[in-house]
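Here are some short exercises to try with the structure open beside you. Work through each task on your own, then compare your steps with the solution.

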Amino acid sequence: MLAETKMIDLHDLTLDALTAVCQTWGYSAYHAEQIWAGLYGEGVTAVSQFTNLREDLQEKLAEHTTLTSLQQQVAIDSSDGLTRKFLLALADGQTIETVLMQFKGRWTACVSTQVGCAMGCVFCATGQMGFTRHLAPGEIVGQILFVNRALAENGESLRNIVFMGMGEPLHNYDHTMTAIDILTDHKGLAIAPKHITLSTVGVVPGILRLAEEERPFRLAVSLHGATDEDRQKLVPPARRWPLAELMDACRTYTKARNRHIFFEWTLIEDENDTPEQAHALGQLLQTVDSHVNLIPLNPTLGYNGRPTQRPQVKQFQAILAEYGIPSTVRQRRGIDIAAGCGQLKATQ
Ligand code: SAH
Ligand code: SF4
């Protein structure tokens with residue numbers, strides 16, 4: 001007996017996977033490309049909207065497939081107009097946040113990969129809410145299609161994508177990589193991999209997989225502590241993957257891919273911003289090709305810490321420079337609408 005067949009979400013499929021599906025139905029790669037052009041060229045939002053397909057293929061799609069639909073619940077702009085946060089509802093009623101940020105006239109989308117997060121970093125609003133579920137590839141790609149439409153309304157376009165929204169992308173490895181393959185496909189949205197940055201809390205098996213696969217996006221690893229003891233206080237997964245293992249994985253990655261890694265460090269006053277900690281970080285990164293992004297703590301309801309003050313941030317940077325390590329202080333964006341790093345939580 002045939003099992004009941006599940007509807008296929010076309011946004012979950014890479015072009016190769018879509019081609020395979022078409023072939024099982026007796027259609028060719030050419031037909032898959034027509035569907036692909038509808039999805040990522042014309043931006044159809046319902047299976048009934050394809051205009052370029054044979055009638056029998058159109059019927060097949062109507063019978064067996066759906067498209068991801070993300071419904072806007074809320075859109076809020078920051079007071080300076082440079083950040084826009086969207087609360088989007090998924091088909092099962094769960095909600096996620098996607099943020100658009102403007103830097104020097106260009107837009108960056110910060111996308112989510114999970115509803116909530118299982119990693120539990122103490123200063124992160126997403127961590128504070130716990131884990132609900134992984135996003136499907138189409139739900140990740142759908143966020144980009146959504147912001148593309150929002151930008152197009154004002155004649156603007158997207159330049160960069162950062163996987164720094166809700167969730168830990170390497171905990172949802174396969175779906176995140178499928179989404180990246182879809183986003184970067186030359187025949188589709190064709191987003192350049194160098195315009196994509198993926199940030200991980202330091203999931204070692206995921207970093208080792210990335211080292212073996214050729215996807216030339218940029219990798220960022222969140223550290224926040226340069227000794228296991230310091231790091232474990234802030235980042236629970238540090239117990240599972242001690243720094244020695246994490247740094248080994250990072251070295252494997254930089255060597256295999258011949259790329260540097262961005263290390264992120266949320267600066268919390270009197271917690272991880274002392275000169276000793278800056279020296280410890282400098283020493284830790286001696287043998288990795290690295291760049292440090294410093295993020296003064298953004299407020300969240302569940303954590304009482306304060307952001308490091310400017311003079312101490314400068315001093316931290318100066319110490320890293322002694323070790324030859326370049327660093328950048330992340331611009332504060334969207335704090336008034338809780339759209340800054342670590343403030344994302346799927347509520348209004
Ligand atoms: N899960 C991934 C990506 C999402 S978080 C990761 O942890 O890397 C993106 C960045 O924001 C991470 O570096 C994270 O540590 C940082 N962050 C989390 N909460 C923050 C907060 N309250 N203030 C500043 N940065 C924060
Ligand atoms: Fe998850 Fe990243 Fe937040 Fe940690 S900082 S809880 S890994 S989203």
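**Exercise 1.** Find how the chain of this predicted model is divided into domains.

*Solution.* Start along the chain: residues 8-66 make up domain 1. Next, go to residues 71-337, which form domain 2. Then turn to the C-alpha centres of domain 1 and domain 2, which are 33 Å apart. Finally, look at the contact, to which domain 1 gives 9 residues and domain 2 gives 13 residues.

**Exercise 2.** Describe the area that domain 1 and domain 2 bury between them.

*Solution.* First comes the total, about 940 Å². Of this area, 67% lies on carbon and sulfur atoms. Now move to the domain 1 side, where Asp-12, Trp-36 and Tyr-40 lose the most area to domain 2. Together, these three account for 51% of what that side buries.

**Exercise 3.** How many salt bridges are found across the interface of domain 1 and domain 2?

*Solution.* The rule finds 1 salt bridge across this interface. For a pair to look at, take Lys-187 and Glu-33, which form a salt bridge. Their closest N and O atoms are 2.8 Å apart, and the cut-off is 4 Å, so the pair qualifies.

**Exercise 4.** Where does ligand 2 sit, and which residues surround it?

*Solution.* Begin with the place: ligand 2 is in the largest cavity. Then list its neighbours: Cys-117, Met-119, Gly-120, Cys-121, Cys-124, Gly-127, Gly-167, Glu-168 and Val-201. Last, sort this shell by class, which gives 5 nonpolar, 3 polar and 1 charged residues.

Terms used
Residues are numbered from 1 along each chain as its sequence is written. Chains are lettered from A and ligands numbered from 1 in the order in which they are written. This is a predicted model: local features need pLDDT of at least 70, side-chain atom pairs count only at pLDDT 80 or more; totals for chains, interfaces and linings use all residues. Side-chain values use heavy atoms; hydrogens and water are left out. A residue is near a molecule or strand if one of its heavy atoms lies within 4 Å of it. On a 1 Å grid over the protein atoms alone, a cavity is a set of points where a 1.4 Å probe fits but cannot get out, and a pocket is an open set with protein on both sides within 12 Å along at least five of seven lines; lining residues have an atom within 4 Å of a point. A molecule sits in a cavity or pocket if more than half of its atoms lie within 2 Å of its grid points. Ala, Val, Leu, Ile, Met, Phe, Trp, Tyr, Cys and Pro count as nonpolar, Asp, Glu, Lys and Arg as charged, and the others, Gly among them, as polar. Domain bounds come from an automatic or database domain assignment. Contact means heavy atoms within 4.5 Å. Buried area is the accessible area (1.4 Å probe) that two parts lose on being put together, summed over both. A salt bridge is a side-chain nitrogen of Lys or Arg within 4 Å of a carboxyl oxygen of Asp or Glu.
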